[in-house]
Protein chains: 2
Amino acid sequence: MKLLEEKVLQEGIAVNENILKVDSFINHQIDPVLMKAIGEDFADHFKDCGITKVVTIESSGIAPAFSTALAMQAPLLILKKSPSKVLNENMYQTIVTSYTKGASYELTLASHLISEHDHVLIIDDFLANGEAATGAIRLIRKAHATVAGIGILIEKSFQPGRAKLEEQGFSIYSQVRIAKLDKDVIELMP
Amino acid sequence: MKLLEEKVLQEGIAVNENILKVDSFINHQIDPVLMKAIGEDFADHFKDCGITKVVTIESSGIAPAFSTALAMQAPLLILKKSPSKVLNENMYQTIVTSYTKGASYELTLASHLISEHDHVLIIDDFLANGEAATGAIRLIRKAHATVAGIGILIEKSFQPGRAKLEEQGFSIYSQVRIAKLDKDVIELMP
């Protein structure tokens with residue numbers, strides 16, 4: 001997606017070979033015009049997939065996933081990273097270990113919000129090793145729902161996330177694919 | 001706001017005198033049509049306040065605040081609940097203690113994303129004791145920016161949050177004001 005590629009090249013800050021800071025337009029500050037375009041682009045890409053629900057993981061995925069849900073006129077489900085005190089009835093739960101962040105967390109989804117008839121589009125901000133997406137897929141499968149597609153804002157194509165998900169047969173659309181990062185260097189895939 | 005009042009009465013679940021579950025339309029699943037209307041309502045209410053930025057606290061506030069930012073065409077700032085590894089440069093930080101949740105957390109805001117010229121609208125899902133809003137106000141004041149208004153989806157009017165904020169001179173608009181909660185009982189303010 002041209003608009004997001006340009007923004008990443010202009011405002012993204014490559015800290016080292018692994019870390020790309022996008023907090024001025026995606027993670028910490030959000031440009032609503034860009035984010036609306038991001039949602040419309042996902043909605044357009046997945047328009048023929050029969051999507052019934054958009055799913056994301058709190059919290060960086062919420063704004064782009066909500067923007068996508070708005071464009072698709074489909075409900076958004078936010079997978080919670082730790083069970084809240086008021087979300088305690090029947091839950092699907094799974095543990096996700098993030099190598100990037102060096103931490104584990106529990107993802108939860110209330111079982112009454114999803115069914116075997118749902119065709120789900122997973123939206124997340126980054127794809128690196130694919131742990132978060134894989135955790136989301138596990139939860140969706142526990143509900144016997146179908147993962148109809150995975151939409152990613154920024155893919156670190158030099159990490160194995162895409163390959164791992166494609167091996168399992170999932171359709172992935174990344175708006176920006178990064179071939180290489182290094183201090184002050186951002187190279188997009190050709 | 002009529003639409004949200006109706007939804008709270010229809011789908012909200014009053015667990016006890018303190019806890020109202022709204023996870024089927026605000027916190028866990030989001031209805032994009034309702035959330036768009038929520039944002040437009042806030043944008044309309046605060047349209048003459050010279051808002052330059054919308055601010056919220058991760059993560060339940062993100063969807064309504066993004067919807068408001070979209071309607072106002074203003075950037076959204078998400079106050080982070082714990083500093084991420086990639087957000088480590090100049091930060092404003094403050095500790096918030098939530099009596100409701102029985103926990104403390106650190107709120108952070110990157111200093112380069114806000115200035116003394118900003119007029120900020122704070123959006124959050126719930127107002128109860130006002131700790132989260134007060135923490136957000138502390139961060140915004142550290143930046144010498146102005147809090148131009150506070151927009152809340154659901155106010156527990158039987159708790160002291162509104163009074164504490166009004167004492168400090170802030171303008172609060174709550175879309176739904178709840179007079180009383182009890183098991184299976186939701187009473188709105190007249």
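In which sense do E3(A) and strand E5 (residues 76-79) of chain B pair, and over how many bridges? In this predicted model, the two strands pair in the antiparallel sense, over two bridges. Within E5(B), B:Leu77 is the residue that stands opposite A:Gln29.

**The interface of chain A and chain B**

The size of an interface is often given as the accessible area lost when the parts come together. Between chain A and chain B about 3,300 Å² is buried, and 64% of it lies on carbon and sulfur atoms. The elements of chain A that give two or more residues to the side touching chain B are helix H2 (23-27), strand E3 (29-30), helix H3 (32-45), helix H4 (62-72), strand E5 (76-79) and strand E7 (103-110). The most comes from H4(A), which gives six residues to that side. By class, the side of chain A that touches chain B holds 21 nonpolar, ten polar and nine charged residues. The contact as a whole takes 40 residues from chain A and 39 residues from chain B. Across this interface the rule finds zero salt bridges, whereas it finds twelve residue pairs in polar contact, both residues of each pair being at pLDDT 80 or more.

One residue to inspect on the chain B side is B:Asn27, which lies in helix H2 (residues 23-27) of chain B. With a relative accessibility of 15%, B:Asn27 counts as buried, the cut-off for that class being under 20%. When its neighbours within four places in sequence are left aside, B:Asn27 is in contact with A:Ile78 and A:Lys80 from chain A, and with B:Val22, B:Ser60, B:Asp125 and B:Phe126 from chain B.

**Strand pairing**

Strands of a sheet pair through backbone hydrogen bonds, either parallel or antiparallel. An open sheet of seven strands, with mixed pairing, follows the order E11(A)-E10(A)-E9(A)-E8(A)-E4(A)-E5(A)-E3(B). Its edge strands are strand E11 (185-188) of chain A and strand E3 (29-30) of chain B, each of which pairs on one side only. Among the pairings of chain A, A:Lys156 has A:Ile178 in E10(A) as its bridge partner. The table sets out several strand pairs.

| Strand pair | Sense | Bridges |
|---|---|---|
| E3(A) and E5(B) | antiparallel | two bridges |
| E4(B) and E8(B) | parallel | three bridges |
| E4(B) and E5(B) | parallel | four bridges |
| E9(A) and E10(A) | parallel | six bridges |

**Enclosed elements of chain B**

Strand E4 (residues 53-57) of chain B is largely enclosed by the rest of the structure, because five of its five residues are buried. In a regular strand the side chains alternate between the two faces of the sheet. In E4(B), B:Lys53, B:Val55 and B:Ile57 point one way while B:Val54 and B:Thr56 point the other way, and all are buried. Two of these residues also serve to locate the neighbouring strands: B:Lys53 stands opposite B:Val120 in E8(B), and B:Val55 stands opposite B:Leu77 in E5(B).

Helix H4 (residues 62-72) of chain B is likewise largely enclosed by the rest of the structure, since nine of its eleven residues are buried. These buried residues are B:Ile62, B:Ala63, B:Pro64, B:Ala65, B:Phe66, B:Ser67, B:Thr68, B:Ala69 and B:Leu70. After H4(B) comes B:Gln73, a residue whose phi is positive, near 55°.

Key:
Residues numbered from 1 in each chain as written. Chains lettered and ligands numbered in written order. Predicted model: local features only at pLDDT ≥ 70, side-chain atom pairs only at ≥ 80, totals over all residues. Heavy atoms only, no water. Contact = heavy atoms within 4.5 Å. Buried area = accessible area lost by both parts, 1.4 Å probe. Salt bridge = Lys/Arg side-chain N within 4 Å of Asp/Glu carboxyl O. Polar contact = N/O pair within 3.5 Å; in protein donor to acceptor, adjacent residues only side chain to side chain. Nonpolar A, V, L, I, M, F, W, Y, C, P; charged D, E, K, R; others polar. Pairing = 2+ DSSP bridges. Buried < 20%, exposed > 50% of the residue type's maximum accessible area, 1.4 Å probe, protein only.
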